[in-house]
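Q: Please take a close look at one helix of this model and at what surrounds it. I would like the buried side chains, the aromatic contacts and the pockets treated together.

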Amino acid sequence: MQKVKPKKALGQHFLTDLSVAARIASTLDGCKGMPVLEIGPGMGVLTRFLLDGGHDVKVVEIDSESVTYLDEEFPELKGRIIEGDFLKMDLSEFMGGKPFCVIGNYPYNISSQIFFKVLDYKDLIPCCSGMLQKEVAERLAASPGSKVYGILSVLLQAWYDVEYLFTVDEHVFNPPPKVKSGVIRCTRNDVTDLGCDERLFKTIVKTTFGQRRKTLRNSIRGLLPPGAVLGDDPVWGQRPELLSVAQFIELTNRVAALRDAATK
């Protein structure tokens with residue numbers, strides 16, 4: 001069968017190096033026995049290694065041409081190829097309500113959105129790995145104090161241990177992207193409760209990084225009741241990129257306390 005033509009509108013860059021595909025597939029070696037969802041399989045270069053590794057694989061692909069190719073080239077995937085948009089899928093009963101792992105050579109243009117969606121189903125997804133733009137991969141794994149540490153760094157690391165595994169050069173793709181790629185693995189940690197209001201936690205992280213050049217004292221004002229007294233704690237003079245997940249949790253509880261005090 002004729003190969004699938006990469007489509008720029010879908011952010012497709014097909015991996016051609018089988019050794020790299022094998023390394024990416026091996027990131028789920030610790031998930032044997034657990035169902036796997038591959039996002040954007042394209043022509044199945046990663047799919048083949050997942051199947052050969054004994055994984056129970058389902059794939060979701062938005063490109064109808066790729067779906068046709070996969071259907072003909074991978075008869076073992078019969079009934080397990082889903083044509084659709086991963087970002088619009090309800091995953092709550094996807095594997096019968098059972099936990100599953102996620103993997104993919106993620107389209108650069110939606111990679112961050114994919115990880116935000118994984119967070120929405122964190123209790124069902126114990127492991128998520130794969131390849132994305134190197135800059136984004138580094139951001140997800142970044143530590144406090146790093147210039148690339150940001151919203152998704154904090155939100156993801158609150159629930160997952162994030163590892164940057166290795167870098168992939170441009171020349172192993174068709175067509176070659178203009179940037180390098182990075183492979184990461186996110187493994188669910190032991191946290192079941194942040195110890196704060198999770199919705200407020202998300203709001204504070206997004207608000208402070210949305211004004212990352214401002215100190216917390218200034219960026220967080222809009223979330224506080226009028227006249228709230230912050231005091232002279234040094235944390236208010238910090239910028240968000242210096243705070244760890246634990247410090248953001250503490251900050252969330254402080255903001256919640258100030259709000260509660262204003263209603264009494």
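A: In this predicted model, helix H4 spans residues 111-120, and its buried residues are Ser111, Ile114, Phe115, Lys117, Val118 and Leu119. Several elements pack against the buried residues of H4. The strands among them are E2 (36-39), E6 (127-133), E7 (160-168) and E9 (181-188). Helix H5 (134-141) and helix H6 (151-157) pack against these buried residues as well.

Phe115 also takes part in an aromatic contact. The model has four aromatic pairs. In one of them the ring centres of Tyr106 and Phe115 are 5.6 Å apart and the planes stand at 80 degrees; an angle over 60 counts as edge-to-face, so this pair is edge-to-face. Both partners are buried, because the limit is under 20% relative accessible area and Tyr106 has a relative accessibility of 3%, while Phe115 has 0%. Elsewhere, Tyr149, Phe209 and Phe248 make up one aromatic cluster.

H4 also contributes to a pocket. The second largest pocket holds about 160 Å³ of space. Its lining consists of Phe116, Leu119, Asp120, Lys122, Leu155, Trp159, Glu198, Phe201, Lys202 and Lys206. Two elements, H4 and helix H7 (198-210), each give two or more residues to this lining. The most comes from H7, which supplies four residues. Sorted by class, the lining of the second largest pocket has five nonpolar and five charged residues, and no polar ones. Leu119 thus appears twice in this account: Leu119 is among the buried residues of H4, and Leu119 lines the second largest pocket.

Two other lining residues of the second largest pocket, Lys122 and Trp159, are in contact of another kind: Lys122 lies over the face of Trp159, 4.5 Å from the ring centre. A further lysine is placed over a ring at Phe94, where the charged end of Lys58 sits 5.2 Å from the ring centre.

The largest pocket has a volume of about 660 Å³. Its lining counts 37 residues, and those nearest the pocket centre are Gln12, Phe14, Gly40, Gly42 and Asn105. Strand E2, which packs against the buried residues of H4, supplies at least two residues of the lining of the largest pocket. Strand E1 (14-15), strand E3 (57-61) and strand E8 (173-174) each do so too. By class, this lining has 21 nonpolar, twelve polar and four charged residues.

Key. Residues numbered from 1 in each chain as written. Predicted model: local features only at pLDDT ≥ 70, side-chain atom pairs only at ≥ 80, totals over all residues. Heavy atoms only, no water. Phe/Tyr/Trp six-rings, centres within 6.5 Å; stacked < 30°, edge-to-face > 60°. Buried < 20%, exposed > 50% of the residue type's maximum accessible area, 1.4 Å probe, protein only. Lys NZ or Arg CZ within 6 Å of the ring centre and 35° of its normal. Contact = heavy atoms within 4.5 Å. 1 Å grid on protein atoms, 1.4 Å probe; cavity = no way out; pocket = protein on both sides within 12 Å on 5 of 7 lines; lining within 4 Å. Points joined across faces, edges and corners; volume = space filled by probe spheres on them. Nonpolar A, V, L, I, M, F, W, Y, C, P; charged D, E, K, R; others polar.
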